[in-house]
Amino acid sequence: MLAVGGGPVYSAPMLDETLPRRAPAPIYVCDAAQPRRREAALEDIATGLRRWRLPMALARLDIRNRYRGSVLGPFWLTLSTAVMVVGLGLLYSSLFKMELSQYLPFIAVSLIIWNLISQVVGDACTSLTSAEGIIRQMPLPFSVHVLRSVFRNVLTAAHSLPLILVVFLVCGTMPGPEVVLILPGLVLVAVNAFFLSLFLGMVCARFRDIAQIVASVMQLAFFMSPVLWKPELLEDRAKWLPLNPFYTVMETVRGPLVEGGVSAIVWTSAILYTLLTGAVALAFFIRFRGRIAFWV
Amino acid sequence: MPHILAQGLTIEFPLYHMGARSLKKRLLAHSPLRLREDEANRVVVSALRDLSFRVEPGERLALIGHNGAGKTTLLRTLAGVYEPVGGRLEVEGLIGSLIDPAAGMDVHSTGRENIVLRGLFRGLSEARSEAMADEVAEFSGLNEFIDVPVRSYSAGMQVRLSFAMATVMEPEVLLMDEWFLAGDAAFMAKAREKLAKLVADADILVLATHDMDIVREWCTRVIRLEAGRIVADGPVEQVLEAA
């Protein structure tokens with residue numbers, strides 16, 4: 001759907017009042033000999049972003065329905081994260097022989113970011129298959145379903161944010177002015193979440209075994225990445241850590257909060273991995289967008 | 001000018017997740033012509049085969065044929081849900097589709113919330129959606145039930161809500177499945193009146209149906225599909241008599 005009337009569009013013109021009404025009639029052209037896949041894919045993503053209110057509304061509905069009738073609702077997750085933080089904090093601070101007041105902020109931030117990452121990845125596998133009913137009935141941009149999955153997890157994770165503040169206050173540590181650097185970090189996490197949801201959503205729709213593989217990879221990644229343990233514990237082997245995308249992307253948010261900043265190598269690695277995810281996801285989306293409706 | 005142009009339109013559904021090779025062999029051995037194996041050794045169902053037609057403004061086209069002839073698939077393709085694997089499709093004009101009215105309905109939300117959600121699905125602003133809610137509430141005749149979760153509606157009430165939601169639009173190309181002509185009797189008269197207006201305002205109607213009375217009443221042209229191919233195309237009486 002193009003914002004300017006007249007030209008051909010490569011996704012079907014649904015009634016869309018964000019476009020000028022009764023403008024020159026939109027033309028939907030689909031030619032198997034000249035698929036114009038790139039235009040269609042980019043238009044899909046642009047339209048999804050322009051109409052962000054729809055995935056946001058759907059994400060909020062998802063959360064409401066998931067916790068329907070529950071007293072605490074999504075705050076159950078906050079509560080269980082709080083219990084995890086205290087429990088793991090006590091155990092691992094003594095295992096690693098660290099001050100609790102130093103370890104607690106680290107583990108709190110780590111766990112909340114890790115929960116976000118692992119839930120985004122977990123839901124990514126069903127971002128398109130779960131929207132099957134809509135995909136087969138309505139010509140909506142596929143990016144809407146992907147954004148729905150991302151927004152849902154971001155909103156859920158946001159419920160745990162007060163926990164970070166509480167832990168910081170209790171431990172009497174506050175991050176310095178470098179805390180503003182979490183903003184680019186969060187942007188990086190969001191971009192990764194979107195492309196990963198797009199890519200995994202497609203791959204998992206076509207090959208139903210991938211979701212199981214992803215689940216076990218995420219479990220392994222939890223232990224292999226410095227979530228519970230600090231990178232310094234690896235001593236001189238810590239230099240290999242920037243190869244771990246989970247670590248570097250997570251660190252762009254965690255670093256400014258608890259470690260007084262992020263090293264340039266971590267940033268470089270995180271950006272490179274993001275570009276890679278984006279490129280692979282886009283290439284896939286451009287090539288196979290037209291097949292998604294048949295896969296789900 | 002709104003129009004639909006299909007040239008050699010072909011849709012194939014690969015049967016994914018089919019498993020064992022022996023099953024595949026058995027399926028292909030008894031192949032009722034529509035199953036075949038493509039280049040990548042997948043079993044595919046030919047849903048639409050090489051359809052060519054043109055629909056001009058003012059035409060009221062009925063798609064008829066047996067179950068599985070490809071009527072709904074063609075509607076969905078015209079709506080932009082399925083991308084053709086072969087041929088070319090051109091649809092000019094704002095498309096409004098009444099294919100599955102319940103798609104995107106959230107049963108845990110109230111009728112009103114669903115109407116606003118449907119507005120968002122269509123790309124309306126929130127203010128416009130709210131305004132639509134009153135219109136739909138009134139037309140559906142659900143009264144106070146409009147603020148009750150859809151889950152607690154009777155089947156008839158759900159139908160009314162879906163119908164009312166789906167028909168708040170002014171499309172130029174209206175795609176409709178025959179579902180829309182079924183409903184409880186009291187509501188039906190009102191619904192038909194609304195549909196008649198919708199159809200009259202649209203430039204093109206494409207209607208998939210089994211009911212020949214409806215075809216005679218609403219349409220000016222008929223395409224008969226059989227196993228994914230067009231077997232007859234012409235004015236209503238001509239095609240219906242030939243059968």
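**Close-up 1. Who B:Val206 meets in this predicted model.** Skip the neighbours within four places in sequence, and B:Val206 is still in contact with B:Ile4, B:Leu61, B:Leu63, B:Leu75, B:Leu78, B:Leu174, B:Leu175 and B:Met176. B:Val206 also belongs to the largest nonpolar core, which counts 55 residues. Along with B:Ile4, B:Leu74 and B:Leu89, B:Val206 is listed among the residues with the most contacts inside that core. There's a second, separate core too, with 48 residues, including A:Val85, A:Phe106, A:Ile107 and A:Leu116. As a bit of background, nonpolar side chains tend to be buried together in soluble globular proteins.

**Close-up 2. Strand β8 of chain B, residues 204–208.** Is this strand buried or exposed? 5 of its 5 residues are buried, so the strand is largely enclosed by the rest of the structure. Look at how the side chains take turns: B:Ile204, B:Val206 and B:Ala208 point one way from β8(B), while B:Leu205 and B:Leu207 point the other way. Whichever way they point, all of them are buried.

**Close-up 3. The strands that pair with β8(B).** One partner is strand β4 of chain B (residues 60–64), joined to β8(B) by 4 bridges, and the two run parallel. Another is strand β7 of chain B (residues 173–177), where 5 bridges make the link, again with the strands running parallel. Now pick out B:Leu207 in β8(B): this residue is the bridge partner of B:Ala62, and also of B:Met176.

**Close-up 4. An aromatic cluster in chain A.** Over all chains, a search of the whole structure turns up 15 aromatic pairs. Here's one of them: the ring centres of A:Tyr103 and A:Phe106 are 6.0 Å apart and their planes sit at 35°, so this pair counts as tilted. Where do these two residues lie? Both are in helix α4 of chain A (residues 100–124), 3 residues apart, which is about one turn of the helix. A:Tyr103 is buried, with a relative accessible area of 0%, and A:Phe106 is buried as well, at 1%. Zoom out a little and A:Tyr103 and A:Phe106 turn out to form one aromatic cluster with A:Tyr92 and A:Phe96.

**Close-up 5. Charged residues over ring faces.** In chain A, have a look at A:Arg206, which lies over the face of A:Phe207, at 4.6 Å from the ring centre. Chain B has a case with a lysine: B:Lys194 lies over the face of B:Phe139, at 4.6 Å from the ring centre.

Notes. Residues are numbered from 1 along each chain as its sequence is written. Chains are lettered from A and ligands numbered from 1 in the order in which they are written. This is a predicted model: local features need pLDDT of at least 70, side-chain atom pairs count only at pLDDT 80 or more; totals for chains, interfaces and linings use all residues. Side-chain values use heavy atoms; hydrogens and water are left out. A nonpolar core is a set of buried Ala, Val, Leu, Ile, Met, Phe, Trp, Tyr and Cys residues joined through side-chain atoms within 4.5 Å. Buried means under 20% relative accessible area, exposed over 50%, partly exposed in between (1.4 Å probe, protein chains only). Contact means heavy atoms within 4.5 Å. Two strands pair if DSSP finds at least two bridges between them. Rings of Phe, Tyr and Trp (its six-membered ring) pair if their centres lie within 6.5 Å; planes under 30 degrees apart count as stacked, over 60 as edge-to-face and the rest as tilted. A charge sits over a ring if NZ of Lys or CZ of Arg is within 6 Å of the ring centre and within 35 degrees of the ring normal.
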